[in-house]
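Please find below a note on the model, set out as numbered points. The sheet is taken up before the helices that pack around it.

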Amino acid sequence: MKIAIGSDHAGFRYKEAIKTFLTGLGHEVIDKGTYAETPSVDYPRFIRPVAEAVAAGEVDRGVVLGGSGNGEAITANRIKGVRCALCWNEESARLGRQHNDANVISLGERMMSEETALKLVQIWLDTPFEGGRHLARIQELDE
């Protein structure tokens with residue numbers, strides 16, 4: 001899978017860990033920045049390019065990170081065709097894929113351990129979209 005990843009300064013450490021994790025699994029990772037923990041940066045500059053790459057079909061999925069993940073999810077979801085799930089535990093990652101066909105995951109570095117973040121990414125990668133009754137809802141989003 002080809003996966004774009006981006007973060008602000010508050011998500012930088014986990015971005016780097018997730019990049020290593022994903023490449024270790026054989027995925028191609030496209031890093032949209034930021035490229036350092038300092039200085040403080042504005043998250044839309046690094047999250048929007050991830051979402052745009054997903055929407056354009058340049059990548060299969062996207063991972064965005066920040067301190068809480070909230071602003072990052074909001075930014076990503078402003079791009080038509082992106083379904084970004086803000087995830088904080090295993091069930092939210094699983095349901096984000098099963099019910100919402102999330103093509104982007106947003107994580108907050110200040111909200112969880114690195115181990116949890118990696119586990120959520122793995123669940124999000126492995127969980128298929130159920131389709132069925134959920135498909136009509138996804139189609140409504142794109143109308």
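**Notes on the fold**

1. Strands E4 and E5 run parallel and are joined by 3 bridges. Within this pair, Leu 86 is placed opposite Ser 106 of E5. Strands (E, at least two residues) and helices (H or I, at least four) are DSSP runs numbered from the N terminus, and two strands pair if DSSP finds at least two bridges between them.

2. On the basis of the note: this is a predicted model, in which local features need pLDDT of at least 70 and side-chain atom pairs count only at pLDDT 80 or more, while totals for chains, interfaces and linings use all residues. Residues are numbered from 1 along each chain as its sequence is written, and side-chain values use heavy atoms, with hydrogens and water left out.

3. The open sheet has 5 strands in the order E2-E1-E3-E5-E4, with parallel pairing. E2 and E4 (84-86) are at the edges with a single partner strand each, so one side of each has no neighbour in the sheet. Neighbouring strands are turned against each other by 20° on average, direction ignored; axes here are lines fitted to C-alpha atoms, for helices over the stretch in contact, and angles run from 0 to 180 degrees between N-to-C directions.

4. E5 is mostly covered, with 5 of its 5 residues buried, that is, under 20% relative accessible area (exposed is over 50%, partly exposed in between; 1.4 Å probe, protein chains only). Val 104, Ser 106 and Gly 108 point one way from E5, Ile 105 and Leu 107 point the other way, and all are buried. E3 pairs with E5 in the parallel sense over 5 bridges, and Val 63 stands opposite Ile 105.

5. At the other edge, E1 (residues 2-7) and E2 (residues 28-31) pair in the parallel sense. Their pairing comprises 4 bridges; Ala 4 stands opposite Ile 30 and Ile 5 opposite Asp 31. The side chains of E2 alternate: Val 29 and Asp 31 point to one face and are buried, whereas Glu 28 and Ile 30 point to the other and are not.

6. Two β-α-β units deserve mention. E1, helix H1 (residues 12-24) and E2 form a right-handed one, as do E4, helix H4 (residues 90-98) and E5. Right-handed here means that, with the strands pointing away from the viewer, the path from the first strand over the helix to the second runs clockwise.

7. Helix H2 (residues 44-55) lies across E1, E3 and E5, at about 160° to E1. Helix H3 (residues 70-77) lies across E3, E4 and E5, at about 165° to E4. H2 and H3 pack at about 45°, their axes 8 Å apart. Pro 44, Ile 47, Arg 48 and Ala 51 of H2 meet Glu 72, Thr 75 and Ala 76 of H3, where contact means heavy atoms within 4.5 Å.

8. H1 and H5 (residues 114-126) also pack at an angle of about 45°, with their axes 10 Å apart. The contact involves, among others, Tyr 14, Ile 18 and Phe 21 of H1 and Leu 118, Val 121 and Leu 125 of H5.

9. Is Tyr 35 buried or exposed? Tyr 35, in the loop between E2 and H2, is exposed, with a relative accessible area of 56%. Tyr 35 and His 9 are 26 residues apart in sequence and 8.3 Å apart in space, C-alpha to C-alpha.
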